[in-house]
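Visitor: I'd like a close look at one small part of this protein. Could you start there and then walk me outward to the rest?

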Amino acid sequence: MNSKNTPLKASLKSIASYVPAKILSNNELEKVVDTTDEWIVRRTGIKERRIAEADEGASDLGTKAALKALKRAELSPRDIDALIVATLSPDYFTMPSTACKIAANLGCENITAFDISAACSGFIYLLELAKSLVESGAKKNVLIVGTEKASSVMDYTDRSICILFGDGAGAGVVSLDVQNTIIDVHTASDGNFGDLLMIERSQKAEISSPLMMKMKGSEVFKMAVQTLSQDVVWLLEKNQITAQDLDLFIPHQANLRIIKAVQEKLGLEDEKCILTVQKYGNTSAASIPMAMNDAFEEGRLKKGSLILLDAFGGGFTWGSALLRFGGANLKH
């Protein structure tokens, strides 16, 4: 029973993920581009990544993650009144949205469904949107999905970027509760740096897809470290929470060196930092929920855990979130 003195707040009630079965290792990439396993691991921390099948789209990956998230939240598709998807690799160019495809796959009818484009910061943006929708009373249960088939926009002749990205999906349900709530979310952007990380039309005749990702890696790296370090410190100070109060730090899994730089800035020990970049690579908007799901299934993320999330992506976009996880502990 909710007391009048205890306002309802948004809570992340479940987390789930789906990863394709196919593994693309660094050793396999050595056969495609001029690189080595040793160089990739040293510079990025990535050892392998998952690749979706040719007939799997971002909506297929997202649907599988969403079904698991619904089950863990003990909800059915008919309980969902909004579905928001973050992706940089949608099934279709502009329409239908990947959210509409997932809604149809799930059997969700007559609900609000739309995509957002915030690149690797997508899941943080989803949390802020879902929080606003449920706390305003506009929606009751919001299903949020970060899903990427990054391989569909990858140039596998460009060694500077094809080593970084993989495919996968993560999902969660945001609903109202009186405890274990989303404490605060901050998002921001600066379009002046958009040309440093972008998807553009490829002029290469050997490339089957007309759209390919391009990145100026060193510039992005510097901006990511500086921006994220400032953002997480600011969010903690704003909410009068210290890094030592945190149970887990779950950052966007783009590059191990970026993660370690922010971790060092916070002064966090390794056991509080969740790392999945080594086995999934950068899965953009799916990265954070996939990492959260791994922590959840390992028993490290529990109901009531105080967690800090952060992400930086093309646009430039960035953001961070503080929350206590509201999902029930996994039953083994």
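Where is Thr 157 found?

Guide: Happy to show you, and keep in mind that this is a predicted model. Thr 157 sits in the loop between E6 and E7. With a relative accessibility of 42%, Thr 157 counts as partly exposed. Now look across from it: the C-alpha atom of Thr 157 is 9.0 Å from that of Asp 34, although the two residues are 123 apart along the chain.

Asp 34 also takes part in a side-chain pairing. Its side chain meets that of Arg 159 in a salt bridge, at 3.3 Å from N to O. That pair ties together distant parts of the chain, 125 residues apart: Asp 34 is in the loop between helix H1 (26–30) and helix H2 (37–44), while Arg 159 is in the loop between strand E6 (141–149) and E7. How open are the two partners? Asp 34 is exposed because its relative accessibility is 61%, and Arg 159 is partly exposed at 46%.

Let's follow salt bridges for a bit. A search of the whole structure turns up eleven of them. One joins the side chains of Arg 42 and Glu 38, with 2.9 Å from N to O. These two are four residues apart in helix H2, so about one helical turn separates them. Both ends are partly exposed: Arg 42 has a relative accessibility of 49%, and Glu 38 has 47%.

Another salt bridge brings together the side chains of Asp 184 and Lys 238, again with an N to O distance given as 2.9 Å. This pair links distant parts of the chain, with Asp 184 in strand E8 (residues 182–189) and Lys 238 in helix H6 (residues 217–238), 54 residues apart. Here the two ends fall into separate classes: Asp 184 is buried, at 10% relative accessible area, whereas Lys 238 is partly exposed, at 47%. There is also a network of salt bridges, and it links Lys 68, Arg 72 and Glu 297.

That network takes us to helix H3, which covers residues 58–72. You can check its length yourself: its 15 residues, at 1.5 Å a residue, should span 21 Å, and the end C-alpha atoms are indeed 21 Å apart, so the two values agree. Several H3 residues are buried, including Ala 58, Leu 61, Ala 65, Ala 69 and Leu 70. What do the buried residues of H3 pack against? Their partners are strand E1 (9–18), helix H4 (98–106), E6 and E7, and E6 and E7 are the strands on either side of the loop that holds Thr 157. After H3 comes Glu 74, with a positive phi near 55 degrees.

Try the length check again on helix H5, residues 122–135. Its 14 residues should span 20 Å at 1.5 Å a residue, and its end C-alpha atoms are 20 Å apart, so the expectation holds. Among the buried residues of H5 are Gly 122, Phe 123, Ile 124, Tyr 125, Leu 126 and Leu 127, along with Lys 131. Just after H5, Gly 137 has a positive phi of about 90 degrees.

Now back to E7, one of the strands beside our starting loop. Strand E7 runs over residues 167–177 and contains Leu 176. Leu 176 is partly exposed, since its relative accessible area is 34%. Together with Leu 8 and Val 178, Leu 176 forms a nonpolar patch on the surface, with about 210 Å² of accessible area in total.

One last thing to look for is disulfides. A disulfide is a covalent bond between the sulfur atoms of two cysteines. How many disulfides are there in this model? The count comes to zero. Take Cys 120: the closest cysteine sulfur belongs to Cys 162 and is 16 Å away, so it is too far for a bond. For Cys 273, the closest cysteine sulfur is in Cys 120, at 17 Å, which is also too far for a bond. Cys 120 is buried, with 6% relative accessibility, and Cys 273 is buried as well, with 5%.

How values were computed:
Residues numbered from 1 in each chain as written. Predicted model: local features only at pLDDT ≥ 70, side-chain atom pairs only at ≥ 80, totals over all residues. Heavy atoms only, no water. Expected span 1.5 Å × (residues − 1). Buried < 20%, exposed > 50% of the residue type's maximum accessible area, 1.4 Å probe, protein only. Patch = residues over 30% accessible without salt bridge, like charges linked within 9 Å, V, L, I, M, F, W, Y side chains within 5 Å. Areas by Shrake-Rupley, 256 points an atom, 1.4 Å probe, with all protein chains shown as cover. Salt bridge = Lys/Arg side-chain N within 4 Å of Asp/Glu carboxyl O. Disulfide = S-S within 2.5 Å. Contact = heavy atoms within 4.5 Å.
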